[in-house]
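I opened this one to see what holds the fold together. My notes follow in the order I looked things up.

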Amino acid sequence: MGALIMLPGLGGSGRRHWHSHWEAREPAARRFAPSSWDAPVLEDWLEALDAAVDAAEEPPVLVAHSLACLLVAHWARRRPTGARGAFLVAPPDEASPAFPPEVESFRPAPRAALPFPALIVASADDPYGAPPAIRRLAADWGAGLVELGALGHINAASGLGAWPEGWALLSAFRAGCGAS
């Protein structure tokens, strides 16, 4: 199995979040560790991602949720060959009025194509990313896009538990990246 780096968004991912379930089931999964989950600073998060990638034995697949999807876009400019791929769940629309002010340092998010394979998984009713904005983001980043039904922000509040459908998507994506 190839390495996975879990990249939670603002606030981290609690024990009910699919990120935490997936970490528990996958020995190759590691969570990156920024200084603060609640007061994120882009440069700190970039350094934490650098450290997590450097600790991996091989280029990892990045598994990002929400704000961490924007982190991946920033990081890709810094380390274009550092990842095998990026699985990006529920990226936020930074132009949305719902975009939290405490994450201002993540604006503007790069819009250039990512230098590694990427797949965006989005919900039809995500309060932080409306489908038209996420479709544009997928096109800009050169990412595939899987649009799901109404799952909210695809987080613990969505009641997904271990989210087996998401795990199946990740497994297929990893296989396509040569990291099964």
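**Salt bridges**

Before listing pairs I fixed the rule: a salt bridge here is a side-chain nitrogen of Lys or Arg within 4 Å of a carboxyl oxygen of Asp or Glu. This is a predicted model, and I read every distance below with that in mind.

How many salt bridges does the rule give? I get a count of ten.

I started with Arg174, which forms a salt bridge with Glu26; their closest N and O atoms are 3.4 Å apart. This pair links distant parts of the chain, 148 residues apart: Arg174 sits in helix H5 (residues 164-176), and Glu26 in the loop between helix H1 (18-25) and strand S2 (29-31). Are Arg174 and Glu26 buried or exposed? I find both Arg174 and Glu26 buried.

Next I took Arg79 and Asp50, whose side chains meet in a salt bridge at 3.1 Å, N to O. Arg79 is in the loop between H3 and strand S4 (85-89) and Asp50 is in helix H2, so I noted another link between distant parts of the chain, 29 residues apart. The two ends differ in burial: Arg79 is partly exposed, with a relative accessible area of 23%, while Asp50 is buried at 13%. The cut-off for buried is under 20%.

I then followed Asp50 outwards. Glu43, Asp50, Asp54, Arg78 and Arg79 are linked in a network of salt bridges.

One more pair went on the list: Asp140 and Arg111 form a salt bridge, with the closest N and O atoms 2.7 Å apart. Asp140 lies in helix H4 (residues 131-141) and Arg111 in the loop between S4 and strand S5 (118-123), so this bridge ties together parts 29 residues apart in sequence. Asp140 is partly exposed, with a relative accessible area of 30%. Arg111 is also partly exposed, at 38%.

**Helix H2**

I wanted to check the geometry of this helix. With 14 residues at 1.5 Å each, H2 should span 20 Å, and its end C-alpha atoms are 20 Å apart, which agrees.

Which residues of H2 are buried? I wrote down Leu42, Asp44, Trp45, Leu46, Ala48, Leu49, Asp50, Ala52 and Val53. I kept in mind that an α-helix has 3.6 residues a turn, so residues three or four places apart point the same way. What do the buried residues of H2 pack against? I find strand S1 (4-7), strand S3 (61-65) and helix H3 (67-78).

Leu42 got a closer look. This residue is in helix H2, which runs over residues 42-55. Its relative accessibility is 12%, so Leu42 counts as buried. Leaving out residues up to four places away in sequence, Leu42 touches Leu71, His74, Ser105 and Phe106. I also took the C-alpha separation of Leu42 and Ala68: 9.8 Å, for residues 26 apart along the chain.

**Strand S3**

I moved on to one of the strands that H2 packs against. Five of the five residues of S3 are buried, so the strand is largely enclosed by the rest of the structure. Which way do its residues point? Val61, Val63 and His65 point one way, Leu62 and Ala64 the other, and all are buried.

I looked for the pairing partners of S3. S1 and S3 pair in the parallel sense over four bridges, and Met6 has Val63 in S3 as its bridge partner. S3 and S4 also pair in the parallel sense, over five bridges; the partner of His65 in S4 is Val89. The chain gets from S3 to S4 through H3, and I noted this β-α-β crossover as right-handed.

**Nonpolar cores**

In soluble globular proteins, nonpolar side chains tend to be buried together. I went looking for where that happens here.

The largest nonpolar core has 38 residues, and Leu7, Phe32, Leu49, Leu62, Leu88 and Trp141 touch the most other members. S1, H2, S3, H3, S4, S5 and H4 each supply at least two residues of this core. Which element gives the largest share? I find H3, with nine residues.

I picked Phe32 to list its contacts. Setting aside neighbours within four places in sequence, Phe32 is in contact with Ile5, Met6, Leu7, Pro8, Trp37, Trp45, Ala48, Leu49, Ala52 and Leu71. I recognised Trp45, Ala48, Leu49 and Ala52 from my list of buried residues in H2.

Apart from the largest core lies another, of 19 residues, among them Ala29, Val89, Leu119 and Leu160. Val89 was already in my notes as the bridge partner of His65.

Definitions and conventions
Residues are numbered from 1 along each chain as its sequence is written. This is a predicted model: local features need pLDDT of at least 70, side-chain atom pairs count only at pLDDT 80 or more; totals for chains, interfaces and linings use all residues. Side-chain values use heavy atoms; hydrogens and water are left out. Buried means under 20% relative accessible area, exposed over 50%, partly exposed in between (1.4 Å probe, protein chains only). Contact means heavy atoms within 4.5 Å. The expected span of a helix is 1.5 Å times one less than its number of residues. Two strands pair if DSSP finds at least two bridges between them. A crossover is right-handed if, with the strands pointing away from the viewer, the path from the first strand over the helix to the second runs clockwise. A nonpolar core is a set of buried Ala, Val, Leu, Ile, Met, Phe, Trp, Tyr and Cys residues joined through side-chain atoms within 4.5 Å.
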